[in-house]
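Reader: I should like to examine the reasoning behind several structural labels. Please set each value against its criterion.

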Amino acid sequence: MIRVATAPMNWNSDDLPDLRPFVPIDQVLDEMVQAGYEGTEYGTGLPSNPAELMPLLARYGLALASNFCWVALEDCRNHEGEIGKALAIARTLSAMRVSELILGLRGSPERIALAGRVPSDGTASLSEAQWTSVRKGIHALAAACEPLGVRLAVHPHAGSYVETREELDRLLRCTDARALGLCVDAGHLVYGGADPVDIVRTFGSRVRYVHIKDVNPEVLAECQAHGIGFLDALRRYIFCGLGKGSVDLHGFVEGLRQAAFSGWMVIEEDTSPDRPLVAARRNRRYLKETFGI
């Protein structure tokens, strides 16, 4: 069964907090319900204490889908702090009866600026020693989360150290499938030069969570041609409404069905020229009318 959620970042961008006037969290949740969603990711405005979060979401009949967490694991000296930070989030998820923690491998400022243009020769990627550190950190975090009933899923993300197909392949090859699953984000995969349909076909058994979004090909081409970084790409609305961009959403959804995916599908547009409620309704309607989800 696929359940459909959205995220507060579609109202209040964590990446670009000055993009539009701040929307109070009660209005965000009310508009999620108006637009037809049954769940939300954790995001700006939501309390971190389960004792506050649970009744707030219950008031609107919404479930918590998961929480995205940036981690920097490429240096073993940082593992204790980074694992501790992620584990604190995992404890909240466990209390909320959520089984997936979504990880992003935080990139450097240089990698963020290179989003969509990462050299294929590996010169901007992690070194062998750094990949070893990442693998150890992920396995340690997975072991700490296991008693909580929380599993890990990596999110290939523009500007992170897992953006390209090669980097995702490397990470999934060097980690145990029981320790690390995959959050497929159709938009970020295309941004990084990968084919989300092929990713789902290849790694379907590791898919634990889905971000469905679309990409404006003209904006992507402009950013690649002129060296425009990820944050400025968001200001140019790199992610567009579902069905309006270059992502093969039909192949993507069919691939998920072939893989017997069951879990949360989170609709994201990140930044939009439309009002958040308008975009939320439009994307939810597209998913339902096009795929019956």
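Reader: What makes strand S1 and strand S11 a pair, and in which sense do they pair?

Author: The model is a predicted one. S1 (residues 2-6) and S11 (residues 263-267) are joined over four bridges, in the parallel sense. A pair requires at least two bridges between the strands, so the four bridges of S1 and S11 satisfy the criterion. Within this pairing, Ala5 stands opposite Val266 of S11.

Reader: How do you know that S1 and strand S2 pair?

Author: S2 covers residues 39-40, and two bridges link S2 to S1 in the parallel sense. The threshold is at least two bridges, therefore the pair qualifies. Ala5 has Gly39 as its bridge partner in S2.

Reader: Why is the unit of S1, helix H1 and S2 called right-handed?

Author: With the strands pointing away from the viewer, a clockwise path from the first strand over the helix to the second is called right-handed. The β-α-β unit formed by S1, H1 (residues 25-35) and S2 is right-handed.

Reader: Why is helix H11 described as roughly perpendicular to helix H12?

Author: H11 (residues 249-258) and H12 (residues 276-291) pack at about 70°, with 12 Å between their axes. Angles of 65 to 115 degrees count as roughly perpendicular, so H11 is given that description relative to H12. Their crossing is right-handed.

Reader: Which residues of H11 and H12 meet, and of what classes are they?

Author: On H11, Leu249, His250, Val253 and Arg257 meet Tyr286, Thr290 and Phe291 of H12. The contact comprises four nonpolar, two polar and one charged residues.

Conventions
Residues numbered from 1 in each chain as written. Predicted model: local features only at pLDDT ≥ 70, side-chain atom pairs only at ≥ 80, totals over all residues. Heavy atoms only, no water. Axes fitted to C-alpha atoms, helices over the stretch in contact; angles between N-to-C directions. Parallel < 35°, antiparallel > 145°, perpendicular 65-115°, else oblique. Left-handed = near helix turned anticlockwise from the far one by under 90°. Contact = heavy atoms within 4.5 Å. Nonpolar A, V, L, I, M, F, W, Y, C, P; charged D, E, K, R; others polar.
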